[in-house]
Number of protein chains: 2
Amino acid sequence: MPVPEFETVSAAKAFGGVQSVIRHRSRETGTSMRFAAFLPPQAETTPVPVLWFLAGLTCTEDNFTVKAGAQRVAAELGLALIAPDTSPRGDGVPDDPDGAYDFGLGAGFYVDATEAPWSTHYRMRSYLERELPELVAATLPIDPTRQAISGHSMGGHGALTLALRTPDRFRSVSAFAPIASPMNCPWGHKALSGYLGADRDAWRQYDACALIADGARVPAILVDQGTADGFLAEQLKPDLLEAACAGTGIQLTLRRQDGYDHSYFFIASFIEDHLRWHARALAA
Amino acid sequence: MPVPEFETVSAAKAFGGVQSVIRHRSRETGTSMRFAAFLPPQAETTPVPVLWFLAGLTCTEDNFTVKAGAQRVAAELGLALIAPDTSPRGDGVPDDPDGAYDFGLGAGFYVDATEAPWSTHYRMRSYLERELPELVAATLPIDPTRQAISGHSMGGHGALTLALRTPDRFRSVSAFAPIASPMNCPWGHKALSGYLGADRDAWRQYDACALIADGARVPAILVDQGTADGFLAEQLKPDLLEAACAGTGIQLTLRRQDGYDHSYFFIASFIEDHLRWHARALAA
């Protein structure tokens, strides 16, 4: 059965708005892709600003949508929420040869792969920089001049690097427990060498700290990081982001949240702060 | 490997409190059982009131815990949340012979089964009326004199019938899209005839409307029901509960929520109202 161009898979009323899951044919990944979209009640009468939320390893469009509890405050603030998937999926899409959770399916790392066999389908950067925003702007009542972005873990890395590469697109960026510097942690080494090959210069566009070192700028970044996060020391390393921002004029607010782990309970606990922070930037 | 008497499977900080999943050996079901427990920050210093939440068909202790977004307001109100599983599970526990979702595993219907082969393990009534409250009171910092109960769908039926049978235990009861009268819908017919046999008199203790007709009373019931719920007309039938309560002195607040379906997005949208309603009763 051919994948339709654009299909609403599910829609449920939530907090006066509508939470949908949409499936569409992607020219970038060459697959069917799904994303979740929450439209607040305000979208019935006027285009609304939008917050993109990029999820972490193993996730789909569903995790943030179902677990973060973001719709309540988004409905109050009149904010649309778009939660994309984390990789291409389906027939013919290669996966990690060992089936590991940190590469391949569910682990696209928000890059355009250049190495075979990944380069055919693993084009999450172009999907999120061009195709999906165009599709969303063409099909949903959102205001493309008011976009913000956030994400968790691998998705925090995705949010930071997308915002740093395309600062004109986003008015604000935040992250939960982001992989601050993929060039300097095992998850990142595996992903960047696998998708991009051995040339570390090619990795720098996918590393928030390297992008900042190379001159990329955003006005401000909000980061929450749990102190009981089991990935903190080896994979996430927020101190590298802190060092990278120092003296650059980027206002980094890095909050070390005592006792919180890497789960969506952590995200749910602080998502309201992030939404209000983004809403202020989007209203400015 | 033997199941330990009582084991914390996971614990995560959430909204200043702690969300745990606990596994224990149940004498009633003869199996390992799991339940989720949220303790608000107030529980560090004082025993707190508790809201039980019973889930619907196919659910485990996880659904309400992960999807309803209840911890935020529970933390504010100082309310513990206990979310049990919906059936016994594991080796030797029989399931629906056709693997249907509405009987057997994930579908215990909160009864003590009397028919073979169900009667050995399917003892969710006694588990929830006696064993689990005793275990919770003995192991967690909750105040057993301040208990409330709610639930969704099959769990709404469970909450209503538990509260009607043991009104002294609960100060308040509410439900989301409850099966108002299992004796009068296909899900209920299948479950009650399967677990209890053909004698309909034995079913009445598991039917909120029949219990009320037979004289059971609670002061008040809060029910939210989505008007776009696909199970509304055939399975849920809130009008039967409305008719059963009429003239009994039970104050039924039945809110028909326009456009909402049967999902956890519906529950998440209104859980705050329920928690505040219960907190008022628990503070009285």
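Where is the place of A:Ser153 in chain A? Hold that thought for a second, and let me set the scene.

What we have here is a predicted model, where local features need pLDDT of at least 70, side-chain atom pairs count only at pLDDT 80 or more, and totals for chains, interfaces and linings use all residues. As for bookkeeping, residues are numbered from 1 along each chain as its sequence is written, chains are lettered from A and ligands numbered from 1 in the order in which they are written, and side-chain values use heavy atoms, with hydrogens and water left out.

Okay, back to A:Ser153. It sits in the loop between strand 6 (142–151) and helix 4 (154–165) of chain A. When I say helix or strand, I mean a DSSP run, numbered from the N terminus: H or I over at least four residues for helices, E over at least two for strands. A:Ser153 has a positive phi of about 60°, although it is not a glycine.

While we're on loops, look at A:Pro117, between strand 5 (80–84) and helix 3 (124–139) of chain A. The peptide bond leading into it from A:Ala116 is cis, with omega near 0°. Over in chain B, the bond from B:Ala116 to B:Pro117 is cis too, with omega near 0°, and B:Pro117 lies in the loop between strand 5 and helix 3 of chain B.

Now, how are the two chains related? In general, two copies of a chain are related by a rotation about an axis and a shift along it. Here a rotation of 180° with 0.0 Å of shift along its axis puts chain B on chain A, with an RMSD of 0.0 Å. So the two copies are related as by a two-fold rotation axis. Both copies use the same surface, with 100% of the contact residues of chain B recurring in chain A. The fit is by least squares on the C-alpha atoms of residues with pLDDT of at least 70 in both copies, and contact means heavy atoms within 4.5 Å.

Next, the sheet in chain A. It's an open sheet of nine strands in the order 1-2-3-5-4-6-7-8-9, with mixed pairing. Two strands pair if DSSP finds at least two bridges between them. At the edges are strand 1 (6–14) and strand 9 (251–257) of chain A, each pairing on one side only. Neighbouring strands are turned by 20° against each other on average, direction ignored. For a parallel pair, take strand 7 (170–176) and strand 8 (220–226) of chain A, joined by four bridges. There, A:Ala175 stands opposite A:Val223. Helix 3 of chain A packs on this sheet, and its direction makes about 50° with that of strand 3 of chain A. Helix 9 of chain A packs on it as well, at about 165° to strand 7 of chain A. Those axes are lines fitted to C-alpha atoms, for helices over the stretch in contact, and angles run from 0 to 180 degrees between N-to-C directions.

In chain B, the nine-stranded open sheet has the order 1-2-3-5-4-6-7-8-9. Strands 1 and 2 of chain B run antiparallel with eight bridges, and B:Ala11 has B:Ser20 as its bridge partner. These strands make a hairpin with two residues between them, and B:Phe15 in the turn has a positive phi of about 50°. Strand 2 (17–25) also runs antiparallel to strand 3 (32–39) of chain B, again with eight bridges, and B:Gln19 stands opposite B:Phe38. Here's a nice cross-chain detail: helix 9 (264–283) of chain A lies across strands 1 and 2 of chain B, at about 30° to strand 1.

Last stop, a pocket. How many residues line the second largest pocket? There are 17, and B:Lys67, B:His152, B:His262, B:Ser263 and B:Tyr264 lie nearest its centre. Helix 1 (62–67) of chain A, along with helix 1 (62–67) and helix 9 of chain B, each give two or more residues to the lining. The volume is about 370 Å³. A pocket is an open set of points on a 1 Å grid over the protein atoms alone, where a 1.4 Å probe fits, with protein on both sides within 12 Å along at least five of seven lines; lining residues have an atom within 4 Å of a point. Points join across faces, edges and corners, and the volume is the space filled by probe spheres set on them.
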